[in-house]
Amino acid sequence: MTRAKKKNSNKDHCRSAGSDYFFYRGDDGNAGIIHTTGAYPEMRRFLHSPDSFLDKGIILKDSRTTKAGIVEIDNRKYFLKRYNNKGLIYTLKYLFRKSRPFKALRAAREIHKLGIPCPEVIAALARRRCGILQCSYLLTENIENIISPENYIRESVTNPDIYIKFQSRMCAYLKKMHDAGIRHGDLKLSNIYCRKNPDGLEFGLFDFDGTDFLRKPLSHRLRLKEYARIISSWIITAGNIKAPADREEIVRGFNKKYFECNGIEMDVAGLNKLVDYYLNRKRKY
């Protein structure tokens, strides 16, 4: 093999990562993990230039920290999120730490194993120069036909079964996650998707940027934080659309479902204190 041919053959390196993924490293600084069922043949172009696909996509968010949108690869739609380098502290933080897409990949795989619906991760990439993280990318399955929280809250006013199913699903999901030592970290309604399927409404989770993995089941207080986040987000979203949301009834309902799932009752006083904290905190829902 000539030197030129050898150099060309070493531009991209791929090797098995086990399961359904393989490792990728390109000569342009991009490296990561790719799902074996990813879109081909355009996937190779995507790996070299994710931004070119994002620039042509439907942009959903564009800020100093992130840019996200729906992109098309090989005639299939995906969700793509780019994480930008936010400055010196960010650079130092990620010198010896994996970037967020790899954390999201781990979370999605672990949560999927628990039987909880979530988007499948197709690719997690990071671009580094001399070890410094420039930016990173997360490519996932695009969940279609999503019903917005505002719409299913409106519908729940005349159809209480929707809210009962929401409570049941959330309690069942969190029971599995918390027992496995997984904390989502940001369970506002915009990170809980809802869509219709043949069996009715399906609820699932996404956005695992803040997910934590502990070595043991979560403490009662950490569990309450997740429930308080959901409850406060429902109350705020309902208030924004002038829909009724009885706080005491919501807490009572979650306490009942929590007992059914865990065999113990919530610390209602502690839960209400946390709900107050989230309701009073200035944070976008």
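Buried means under 20% relative accessible area, exposed over 50%, and partly exposed in between, with a 1.4 Å probe and protein chains only. Keep that in mind for the tour.

This is a predicted model, where local features need pLDDT of at least 70, side-chain atom pairs count only at pLDDT 80 or more, and totals for chains, interfaces and linings use all residues. Residues are numbered from 1 along each chain as its sequence is written, and side-chain values use heavy atoms, leaving out hydrogens and water.

Start with the whole protein chain: of its 285 residues, 46% are buried. Turn on the cartoon and you get 10 helices and 12 strands, taken from DSSP runs (helices are H or I, at least four residues; strands are E, at least two) and numbered from the N terminus.

Now colour by pLDDT, the predictor's confidence in each residue from 0 to 100. The chain averages 87, and 87% of the residues score at least 70. Select strand β9 (residues 182-183) for the highest mean among the elements, 97, then helix α1 (residues 3-9) for the lowest, 40. Widen the selection to residues 1-11: pLDDT stays under 50 there, and the model has 5 contacts (heavy atoms within 4.5 Å) beyond four places in sequence. Where pLDDT is low, don't read the predicted coordinates in detail.

Next stop, the cysteines. Select Cys-171, which is buried at a relative accessible area of 0%, and then Cys-261, partly exposed at 28%. Why is there no bond from Cys-261 to Cys-171? Their sulfurs are 5.3 Å apart, too far for one; a disulfide needs a pair of cysteine sulfur atoms within 2.5 Å. By this rule the count is 0 disulfides.
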